[in-house]
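Subject: The structure, and what I found in it

Hi,

Here is the structure I said I'd pass on. Have a look at it first, and then read my notes underneath.

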Amino acid sequence: MSAYLAIHGDDDNHDVRPASANSQRAMRQRPSRGRKEVGMVGQASWLSSVVNLLNTIVGAGVLAMPLALSRMGILLGTFVILWSGLTAGFGLYLQTRCARYLERGSASFFALSQITYPNAAVIFDAAIAIKCFGVGVSYLIIIGDLMPGVVRGFSENAAGVSFLVDRHFWVTGFMLIVIPLSFLRRLDSLKYTSVIALISIGYLVILVVAHFAKGDTMHNRGVLRIVRWESAVATLSSFPVIVFGYTCHQNMFSVLNEISNNSHFRTSSVVVTSTGVAAFLYVLVAVTGYLSFGNAVGGNIVGMYAPSVSSTIAKAAIVVMVMFSYPLQVHPCRASVDAVLKWRPTRRPESAQSSPSRLASLLPSSRTGPQHRGDGMSDTRFAAITTAIIVLSYIVAMTVSSLEKVLAYVGSTGSTSISFILPGLFYYKISSPDSPHHQRLMKEDDDEEEDQGDEDEGLLGGGGFKGGLWRKRLLRRLSLGLALYGVLVMVTCLITNTLFVVATH
């Protein structure tokens with residue numbers, strides 16, 4: 001940011017020759033934050049980025065937060081919600097840092113894995129594809145399960161019309177709505193549907209808070225746990241619900257590719273705003289919902305309220321929310337499937353590469369580079385992969401009524417990988433002082449500082465330079481810590497799912 005301001009500040013005070021030099025430096029400096037632009041980039045606004053990321057975060061899981069609080073107690077539950085938001089936000093922040101090492105508009109898990117762990121790239125993208133596909137199918141199943149009840153709530157005579165209470169009819173009907181949305185290339189194109197989904201979430205939050213303010217559920221309220229938890233086992237059973245409630249990392253690179261101003265401050269503010277608002281909504285619903293029903297609260301707080309028009313609208317709001325969230329799962333799933341299909345094993349060891357070829361994987365012309373994503377996908381390939389995802393998800397949703405056991409394991413592995421393990425490992429590997437990609441980035445940053453002039457360079461030397469090195473070393477250690485934390489969360493969730501999800505079926 002300081003280099004950017006220094007360049008534009010000098011343009012007005014120098015003669016023609018220095019201005020031309022500064023213009024050339026500006027052309028070199030701007031790509032240092034994202035380098036050469038690849039594909040359709042730089043058109044999304046800050047608000048659009050926040051809206052899409054927030055809609056990816058907040059889903060039907062918000063309705064289960066009161067139950068998690070009933071098992072953990074208010075103090076511990078609130079702390080876990082905030083801690084999960086902090087760790088998920090740090091993973092998103094590391095993604096913004098990793099994107100600086102790639103061409104502008106080409107950031108992706110696949111592109112990063114190609115310059116860090118090339119032969120594991122297919123595993124990473126396969127996990128992301130399966131996870132996003134499973135979540136998308138679960139959204140269709142939720143629509144099929146809720147819509148018959150919504151129709152009955154608005155009309156008592158609806159039960160006499162067989163197709164109106166048939167889940168297959170509603171899954172098919174809503175597919176006609178989400179299909180056109182799923183064929184949109186840019187995540188930014190979904191900003192208006194994301195706004196509608198967030199309005200639906202807002203209605204659910206208002207409904208929970210309003211019932212708490214009215215106190216019309218107090219006669220059914222159980223005892224409250226403020227400090228004490230129910231048990232360690234019960235606490236662990238609710239831990240995955242909270243941790244996975246912040247999973248949105250599969251769309252973060254698309255946000256970074258499309259945002260118009262990809263400066264460090266703007267991208268960081270997208271992360272802070274999205275995770276901050278999500279954490280606020282989770283805590284608000286969790287506390288007010290739990291205080292409304294106490295330990296008698298269920299897994300879906302909307303289903304706890306007495307039948308009424310408002311509760312029926314709430315169920316319809318859930319349907320709208322998951323319907324417009326489905327395309328947000330198709331978007332990263334399509335990119336990951338494309339990466340898996342184009343992946344080829346890397347035979348040349350990185351250490352054997354010469355200095356110029358070390359950087360080849362950063363260039364859009366590289367065979368293993370990120371051109372496999374975004375606009376690098378031909379129209380035919382784009383349509384074929386999207387169609388395959390939609391058709392397969394429709395078939396699964398029509399034939400399966402519950403994916404609880406499958407999603408439990410997919411979430412434990414896929415969500416923890418993309419939220420904690422991969423961002424931590426990628427940044428730790430790519431920011432190593434011995435990494436050629438890190439050395440290239442540092443050289444470009446040094447060139448930017450030199451462009452500020454000898455006086456500014458002297459002011460920024462010494463303590464500022466040492467402070468910057470200290471912060472970078474700390475960030476590397478924290479990134480490794482996040483990856484280790486992700487492994488711990490994965491093991492915990494897998495054990496929890498084995499004990500609770502499988503044992504109960």
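**What I found**

Of the 505 residues in the protein, 51% count as buried. Before you go further, please keep in mind that this is a predicted model. The protein has 19 helices and zero strands, so I've mostly written about helices and how they pack, and then about a few single residues. If you take the contacts with a separation of 6 or more, 88% of them join residues 24 or more positions apart.

**Around helix 12**

I'd begin with helix 12, residues 264-293, and its packing against helix 5. The two pack at an angle of about 160 degrees, and their axes are 9 Å apart. Angles over 145 degrees count as roughly antiparallel, so that is how helix 5 runs relative to helix 12. Their crossing is right-handed.

The list of residues in this contact is a long read, so here it is in two parts:

- From helix 5: Ile74, Thr78, Ile81, Leu82, Gly85, Gly89, Leu92, Tyr93, Thr96 and Arg97.
- From helix 12: His264, Thr267, Ser268, Val271, Thr275, Ala279, Tyr282, Val283, Ala286, Val287, Tyr290 and Leu291.

By type, the residues of the contact between helix 5 and helix 12 come out as 13 nonpolar, eight polar and one charged.

Leu82 is a residue of helix 5 that you may want to click on. With a relative accessibility of 46%, Leu82 counts as partly exposed, because that class lies between 20% and 50%. Apart from its neighbours within four places in sequence, Leu82 is in contact with Ala279 and Val283. Leu82 and Tyr282 are 200 residues apart in sequence, yet their C-alpha atoms are 9.0 Å apart in space.

Helix 4 (residues 65-72) also packs against helix 12, at an angle of about 65 degrees and with the axes 8 Å apart. That angle makes helix 4 roughly perpendicular to helix 12. The crossing here is right-handed. On the helix 4 side you'll find Met65, Pro66, Leu69 and Ser70, which meet Tyr282, Val285, Ala286, Val287, Gly289 and Tyr290 of helix 12. Eight of the residues in the contact between helix 4 and helix 12 are nonpolar, two are polar and none is charged.

One more residue belongs in this part. Ala213 sits in helix 9, residues 191-214. Is Ala213 buried or exposed? Its relative accessible area is 64%, so Ala213 is exposed. The C-alpha atom of Ala213 is 8.6 Å from that of Thr288, although the two are 75 residues apart along the chain.

**Helix 3 and helix 13**

Next, helix 3 (residues 46-57) and helix 13 (residues 309-342): their axes come within 10 Å and cross at roughly 105 degrees. The two helices are therefore roughly perpendicular to each other. Helix 3 brings Asn52, Asn55 and Thr56 to the contact, and helix 13 brings Phe324, Ser325 and Leu328. Two of the residues in the contact of helix 3 with helix 13 are nonpolar and four are polar, with no charged ones.

**Three buried residues**

Gln250 lies in the loop between helix 10 (232-243) and helix 11 (252-258). Gln250 is buried, since its relative accessible area is 6% and the cut-off is 20%. Which residues does Gln250 contact, leaving aside its neighbours within four places in sequence? They are Thr56, Phe109, Ile128, Lys131, Cys132, Gln329, Pro332 and Ile418.

Gln329 turns up again with Gly136: leaving aside neighbours within four places in sequence, Gly136 is in contact with Tyr326 and Gln329. Gly136 is part of helix 7, residues 121-154, and is buried, with a relative accessible area of 3%. Gly136 and Ile389 are 253 residues apart along the chain, and their C-alpha atoms are separated by 9.5 Å.

Last comes Arg104, in the loop between helix 5 (74-99) and helix 6 (109-116). Arg104 counts as buried because its relative accessibility is 6%. The Arg104 side chain reaches two backbone oxygens: that of Asn257 at 3.1 Å, and that of Ile259 at 2.4 Å.

Cheers

Conventions
Residues are numbered from 1 along each chain as its sequence is written. This is a predicted model: local features need pLDDT of at least 70, side-chain atom pairs count only at pLDDT 80 or more; totals for chains, interfaces and linings use all residues. Side-chain values use heavy atoms; hydrogens and water are left out. Axes are lines fitted to C-alpha atoms, for helices over the stretch in contact, and angles run from 0 to 180 degrees between N-to-C directions. Helices (H or I, at least four residues) and strands (E, at least two) are DSSP runs, numbered from the N terminus. Angles under 35 degrees count as roughly parallel, over 145 as roughly antiparallel, 65 to 115 as roughly perpendicular and the rest as oblique. A crossing is left-handed if the near helix is turned anticlockwise from the far one by less than a right angle, and right-handed if clockwise. Contact means heavy atoms within 4.5 Å. Ala, Val, Leu, Ile, Met, Phe, Trp, Tyr, Cys and Pro count as nonpolar, Asp, Glu, Lys and Arg as charged, and the others, Gly among them, as polar. Buried means under 20% relative accessible area, exposed over 50%, partly exposed in between (1.4 Å probe, protein chains only). A polar contact is a pair of N or O atoms within 3.5 Å; within protein, one must be able to donate a hydrogen and the other to accept it, and residues adjacent in sequence count only if both atoms are side-chain atoms.
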